[in-house]
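Welcome! Please take a moment to look over the structure shown below before reading on.

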Amino acid sequence: MEANTRSTTGRLPAAFLTPGSSSFIDFLGDHSPELLPGNRTLPPLKGAVELPHGTTIVAATFGGGVILAGDRRATMGNMIAQRDIEKVFPADEYSAVGIAGTAGLAVEMVKLFQLELEHYEKIEGATLSLEGKANRLSTMIRGNLAMAMQGLAVVPLFAGYDTEREKGRIFSYDVTGGRSEEHGFASTGSGSVFARGALKKLYRKDLTERQTATVVIQALYDAADDDSATGGPDLTRRIFPIVTVIDEDGFRRLAEDEVAEIARSVVDARLERPDGPQAEVL
């Protein structure tokens with residue numbers, strides 16, 4: 001790309017130094033559209049091709065913000081491709097993305113989204129609202145629709161702390177880029193139906209941060225219990241879910257020791273009650 005964009009004097013073109021759009025994606029589309037994930041030309045396929053897929057992501061709000069978490073397993077067909085993949089990433093200071101779908105493409109999309117938000121802040125001198133960030137991610141997913149129709153889908157979960165409303169918010173997407181705001185909790189990925197069932201029974205609006213972290217780990221445990229593509233806490237290898245918090249102080253990832261402590265308590269409790277905590281009938 002560098003050789004094609006430099007002028008004969010060896011300097012970058014003026015358009016690169018004074019971009020007119022606050023969108024990095026639009027800028028890249030104008031100058032090197034082939035670098036956008038959705039514009040890639042796929043080679044002809046002969047038979048089925050298995051690619052690593054990320055699986056289950058969950059999110060839940062609490063009084064001070066929102067928690068976004070994910071299991072660590074990536075699968076390739078019926079095989080475990082990776083046991084310790086990272087699926088939850090900061091988008092900027094006050095938001096994060098959890099990825100489900102084609103792993104390599106999803107990670108590339110997250111990196112491009114991070115650049116998009118950073119570019120906007122540098123050009124405009126201000127950060128996008130949380131709604132604006134959710135909309136930008138929706139546009140990126142929509143741009144990947146052609147790839148999704150060929151089996152390379154990316155369906156993330158986006159969460160952040162809304163500094164204007166002073167609360168945590170969650171946004172889910174479909175493969176066409178359709179965006180929905182979720183209230184309370186949400187999940188995506190192959191084990192999402194089981195995780196959502198657990199969240200539906202355990203979630204309450206008055207949970208503390210620690211309790212909410214426990215609930216999302218319980219949900220991921222239930223997802224792993226019924227979905228082979230979702231990985232549960234691996235005590236022997238010390239591989240535990242990634243749990244992140246976004247609140248008024250910004251994004252932070254819970255320390256591994258803290259997550260391990262919660263995960264161990266969940267596993268110990270499951271030895272006595274394999275189906276997990278029971279919700280009241282009324």
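The report below walks through the overall fold, two helices, a ring cluster, a pocket and some loop residues.

## The chain as a whole

What you see is a predicted model. Its chain holds nine helices and 14 strands. Of the 282 residues in the chain, buried ones make up 48%.

How do parts that lie apart in the sequence meet? Take the contacts between residues at least 6 apart in sequence: 64% of these join residues at least 24 apart.

## Helix H4

Let us begin with helix H4, which covers residues 103–124. With 22 residues at 1.5 Å each, H4 should span 32 Å, and its end C-alpha atoms are indeed 32 Å apart, so expectation and model agree.

Which residues of H4 are buried? They are Ala103, Leu105, Ala106, Met109, Val110, Leu112, Phe113, Glu116, Leu117, His119 and Tyr120. Just after the helix comes Gly125, which takes a positive phi of about 75°.

## A cluster of rings

Phe113 of H4 also belongs to a cluster, in which ring pairs link Phe113, Phe158 and Phe171. In total, the model has three aromatic pairs. In the pair of Phe113 and Phe158, the ring centres are 5.9 Å apart and the planes meet at 80°; an angle over 60 degrees counts as edge-to-face, so this pair is edge-to-face.

Why does this pair tie together parts that are apart in sequence? Phe113 lies in H4 and Phe158 in strand E9 (residues 157–162), so the two parts it joins are 45 residues apart in sequence. Phe113 is buried, with a relative accessible area of 0%, and Phe158 is buried with a relative accessible area of 0% as well.

## Helix H8 and its neighbours

Helix H8 runs over residues 209–226. Its 18 residues, at 1.5 Å a residue, should span 26 Å; the end C-alpha atoms are 26 Å apart, which agrees.

The buried residues of H8 are Thr212, Ala213, Val215, Val216, Ile217, Gln218, Ala219, Leu220, Asp222 and Ala223. What do these buried residues pack against? Their partners include three strands, E2 (57–62), E3 (65–70) and E13 (242–247), along with the helices H7 (192–202) and H9 (256–272).

## The largest pocket

Now to the open space in the model. The largest pocket holds about 260 Å³, and 16 residues line it. Nearest its centre lie Thr61, Lys167, Gly168, Gly184 and Tyr203.

Which element supplies the largest share of this lining? That is strand E10, with four residues. E2, E10 (167–173) and E11 (179–182) each give at least two residues to the lining. Sorted by class, the lining has seven charged, six polar and three nonpolar residues.

## Two loop residues to look for

Two further residues have a positive phi without being glycines. One is Glu166, with a phi of about 60°, in the loop between E9 and E10. Is Glu166 buried or exposed? Its relative accessibility is 58%, and the cut-off for exposed is over 50%, so Glu166 counts as exposed.

The other is Arg238, which has a positive phi of about 55° although it is not a glycine. You will find Arg238 in the loop between H8 and E13. With a relative accessible area of 37%, Arg238 is partly exposed.

How values were computed: Residues are numbered from 1 along each chain as its sequence is written. This is a predicted model: local features need pLDDT of at least 70, side-chain atom pairs count only at pLDDT 80 or more; totals for chains, interfaces and linings use all residues. Side-chain values use heavy atoms; hydrogens and water are left out. The expected span of a helix is 1.5 Å times one less than its number of residues. Buried means under 20% relative accessible area, exposed over 50%, partly exposed in between (1.4 Å probe, protein chains only). Contact means heavy atoms within 4.5 Å. On a 1 Å grid over the protein atoms alone, a cavity is a set of points where a 1.4 Å probe fits but cannot get out, and a pocket is an open set with protein on both sides within 12 Å along at least five of seven lines; lining residues have an atom within 4 Å of a point. Grid points are joined across faces, edges and corners, and a volume is the space filled by probe spheres set on the points. Ala, Val, Leu, Ile, Met, Phe, Trp, Tyr, Cys and Pro count as nonpolar, Asp, Glu, Lys and Arg as charged, and the others, Gly among them, as polar. Rings of Phe, Tyr and Trp (its six-membered ring) pair if their centres lie within 6.5 Å; planes under 30 degrees apart count as stacked, over 60 as edge-to-face and the rest as tilted.
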